[in-house]
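User: Could you take a close look at one part of this model for me? I'd like to hear about the helix at the start of the chain and whatever aromatic pairing goes on around there and beyond.

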Amino acid sequence: MKDITDLLQQMLDEITIRFAARVKFWNVVLDIVEIRNVLGGLLARNCSLGIEFVLSPHFWNPLCSSVILRAMSEVIINMGWIALDPAARAKLFVDYGLGQDKLDYEHLRAGNKSYTLPVDQLAEIADGLAAQRHLIFTDVNVGTWSSTSVSRMAAEAGLSDFAVMFAGACGTVHSNWLLLHDRFVDEPPNDIPDVPDLMPVKSAYLCAVATYLDKAFEIFDAVCDYPEQDEGLLLDLVYSY
């Protein structure tokens, strides 16, 4: 691979500048603040994952890249599904998260965890939850936050391609025999586990990350009325090298 130092620096600069511009545009309007907090938080997550990936070229291989790409594709699907009904679905996202935090707190308080916390730390957790919503008004949902599958969310949002990427990455993220036998076990008759050689680095995975970031910015901009900019696609930036 040729020297890509300039490309990596440009990618880091562009991701940071574009996110910062949207934060600066982030006008606080009470009736949509929850929407912007949720979509903005998801956008920030994808930008953070993208930055870490850009900084780690040795992760640009089939095994390591799947960990990042799976997380980024899930963010895209969540953003796209929320964008179809921003007010209601952003609230669902927040309600589920607060409910999970409440459930974790109640297990801690009841001593159901493998560890315990001092009373003052438990009080701090309770105060933090109550600062967002009083515990008595916080419901706990033990299902999924959207009450539907990732594939259905993607199909509804017109993001089936990302669902395919998500499913493909899951096969590498989760351990299974096919993965182990193909990459870590010798062919018969040996069948002895072995540490594989270093995997080749491929810039195609950087292209995938750029695509995910472009889509995340696109969804956020459409919902939050971010003014159109002559930024160009991050994917085109990668292609230019």
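Analyst: Let's start with how far to trust things, since this is a predicted model. Among the elements of the protein, helix H8 (residues 177-183) has the lowest mean pLDDT, at 66, while helix H9 (residues 204-223) has the highest, at 95. For the protein as a whole the mean pLDDT is 85, with 87% of its residues at 70 or more.

Now to H1. This helix runs over residues 5-24, so 20 residues by the DSSP run, and spans 29 Å from first C-alpha to last, close to the 28 Å expected at 1.5 Å a residue. Its buried residues are Leu7, Leu8, Met11, Leu12, Ile15, Arg18 and Arg22. They cover an arc of only 140° around the axis, which puts them on the same side of H1. Two arginines, Arg18 and Arg22, are on that buried list along with the likes of Leu7 and Ile15. Flip to the other side of H1 and you'll find Thr5, Asp6, Ile17 and Lys24 exposed. As for what covers the buried residues, the list includes helix H2 (33-54), H9 and helix H10 (234-239).

Just past H1, the aromatics come in. A search of the whole structure turns up five aromatic pairs. One of them joins Phe25 and Tyr226 edge-to-face, at 5.3 Å centre to centre and 85° between the planes. Phe25 sits in the loop between H1 and H2, and Tyr226 in the loop between H9 and H10, so this pair ties together parts that are 201 residues apart in sequence. Phe25 is partly exposed, at 23% relative accessible area, whereas Tyr226 counts as buried at 11%.

Another pair is Phe93 with Trp145: the ring centres are 5.1 Å apart and the planes at 80°, so this one is edge-to-face too. Phe93 belongs to helix H4 (residues 86-110), and Trp145 to the loop between helix H5 (119-132) and helix H6 (150-156), so the parts tied together here are 52 residues apart in sequence. In terms of exposure, Phe93 is partly exposed at 26% relative accessibility, and Trp145 is buried at 12%.

That pair isn't on its own, either: Trp81, Phe93 and Trp145 make up one aromatic cluster. Trp81 also has a charged neighbour, as the charged end of Arg89 sits over its ring, 3.7 Å from the centre.

How values were computed: Residues numbered from 1 in each chain as written. Predicted model: local features only at pLDDT ≥ 70, side-chain atom pairs only at ≥ 80, totals over all residues. Heavy atoms only, no water. pLDDT = per-residue confidence, 0-100. Helix = DSSP H or I, 4+ residues; strand = E, 2+ residues; numbered from the N terminus. Expected span 1.5 Å × (residues − 1). Buried < 20%, exposed > 50% of the residue type's maximum accessible area, 1.4 Å probe, protein only. Arc of directions from axis to C-beta. Contact = heavy atoms within 4.5 Å. Phe/Tyr/Trp six-rings, centres within 6.5 Å; stacked < 30°, edge-to-face > 60°. Lys NZ or Arg CZ within 6 Å of the ring centre and 35° of its normal.
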